[in-house]
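Visitor: Could you take me through this model, one topic at a time? I would like the reasoning along with each result.
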Amino acid sequence: MNNSIWARVPLPAFAPLTQDTKTDVLIVGGGLAGLLCAYALQEAGADYLLIEADTICSGVTRNTTAKLTSQHGLIYDKLTRQFGPDTARAYYDANEAALARYRKLAEHIDCDFEEKPAYVYSTDSREKLAREFAALRRIGAQAAFVSRLPLPVKTAGAIRFDHQAQFHPRKFAAGIAQGLNICEHTRALAFEGQACITNCGRIRAKKTVIATHFPTLNKHGAYFLKLYQHRSYVLALEHAQQLDGMYLDEHETGLSFRNYGNMLLLGGGSHRTGKPGGGWLELEQFACEHYPNAREVCRWATQDCMSLDSMPYIGRYGAKTRDLYVASGFNKWGMTSSMVAATILSDLLLGRTIAYADIFSPQRSMLRPQLAANTFEAVTNLLRPSKPRCPHLGCALHWNEAERSWDCPCHGSRFTKAGKLLDNPATGDLKQP
């Protein structure tokens, strides 16, 4: 039951690395961001190799709700206030271009691509929606204000983006992965200069992209301060509700709704990893009250890297890492952001003119309120005198009763009860006493 509906679709398999090798570009991480970057490089005729520690799309990609949209909550008012309308417009353009790229690829890939409107609603604040709508009008984005929604919750209204989309992520991944240069079961263990040491051999690369969800190299970039992780939960329900669109509460812990086939995907129960939250129980209670005749088909949880300012980190890994690049901090919008990342990174790697790159640069200011919260969690849990400890940076782990896992509230690493690694940035299992 704890497997997403997407996981049923088989993906092409790739052999592990068998000997030392060299390449112009090494991509570390076989989720959708890594695959799309590899696909773009292959289209350009570039020399590259993608390595994946497990199998492609075995991590966060398989647990998405698979929305393709430039509507990312009430982000445009926030970006306009923090950075100005030009940055907000560039963010919108980058995501609209990503959606257009998906639309074009889906013409040749059977991935259940469906154009749908996307709604962000508020349960209690029409004023927030009005500010967002004003920001959207200011940057010339296409949006509409909606007063009533077909949802079983009371709302103050919503903002609608038309011509957005939803799809089947593993069917899409299967389509683009065919023929790519990939080595599965090949884990990056260490980096020595331009060489990547793996469990299967040494790879010399002129340039390297780290697309491992949470960046695992602590020496550069300060991602252990710039990122934290957030868990959210999904129930796939039959006999629930058919909705013509994708719906999201503007509250971080609110509910989301979308259909896939005859199923309603009900999302929510969100919380910072390692902290208490609503989880599946919240969704079960909501479904019982509002969809009493529904039948649960499956359930799953996912984990998202959250940045300091709500925009992804895409570009040079650190200020002094000339040939090392990163894509992370997708803030719950991993599908569209993966395409944005692939576009920017492939342009950087190929020496092309780079659209939108500056606003996503990982070297932008860290001076945001979330930095204090991240620092507090790290210090508190480093000083907490309890075991087990996370092998990433030594934080005390918290037991997650709902998912039966040890979770790190500092950076989001997760482990089974027996200590087996579930989610990075840790790169190995817990040490047994």
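Visitor: What distance should the 15 residues of α10 span, and how far apart are its end C-alpha atoms?
Guide: This is a predicted model. The expected span is 1.5 Å times one less than the number of residues. For the 15 residues of α10 that gives 21 Å, which agrees with end C-alpha atoms that are 22 Å apart.

Visitor: Do the buried residues of α10 line one face or several, and what arc do they fall within?
Guide: The buried residues in α10 are Leu371, Asn374, Glu377, Ala378 and Asn381. An α-helix has 3.6 residues a turn, so residues three or four places apart point the same way. Pro369, Ala372, Phe376 and Leu383 are exposed on the other side of α10. Seen down the axis of α10, the buried residues line one face of the helix, because they fall within an arc of 130°.

Visitor: Which elements do the buried residues of α10 pack against?
Guide: Contact here means heavy atoms within 4.5 Å. By that criterion, the partners of the buried residues of α10 are α6 (223-226), β11 (228-238), β14 (263-272) and β18.

Visitor: Which cysteines does the disulfide join, and how far apart are they in sequence?
Guide: The structure holds one disulfide, with an S to S distance of 2.2 Å. One partner, Cys395, lies in the loop between α10 (369-383) and β18 (398-400), and the other, Cys410, in the loop between β19 (405-407) and β20 (414-416). Both are buried. The pair, Cys395 and Cys410, therefore ties together parts that are 15 residues apart in sequence.

Visitor: Is the disulfide of Cys395 and Cys410 left-handed or right-handed?
Guide: The handedness follows from the torsion about the S-S bond of Cys395 and Cys410. That torsion is about -100°, so the disulfide is left-handed.

Visitor: Why is there no bond between the sulfur of Cys57 and the closest cysteine sulfur?
Guide: Cys57 counts as buried because its relative accessibility is 1%, and Cys111 counts as buried at 1% too. A disulfide needs sulfur atoms within 2.5 Å. The closest cysteine sulfur to that of Cys57 is in Cys111, too far for a bond at 13 Å.

Visitor: Which helix gives the largest share of the largest nonpolar core?
Guide: The largest nonpolar core has 79 residues, and Ile5, Leu32, Tyr102 and Phe167 are among those with the most contacts inside it. Its largest share is ten residues, and they come from helix α3 (residues 85-106).

Visitor: How many residues are in the second, separate core?
Guide: This core includes Tyr121, Ala158, Trp280 and Phe286. Its size is 21 residues.

Technical notes:
Residues are numbered from 1 along each chain as its sequence is written. This is a predicted model: local features need pLDDT of at least 70, side-chain atom pairs count only at pLDDT 80 or more; totals for chains, interfaces and linings use all residues. Side-chain values use heavy atoms; hydrogens and water are left out. Helices (H or I, at least four residues) and strands (E, at least two) are DSSP runs, numbered from the N terminus. Buried means under 20% relative accessible area, exposed over 50%, partly exposed in between (1.4 Å probe, protein chains only). A nonpolar core is a set of buried Ala, Val, Leu, Ile, Met, Phe, Trp, Tyr and Cys residues joined through side-chain atoms within 4.5 Å. The arc is that of the directions from the helix axis to the C-beta atoms.
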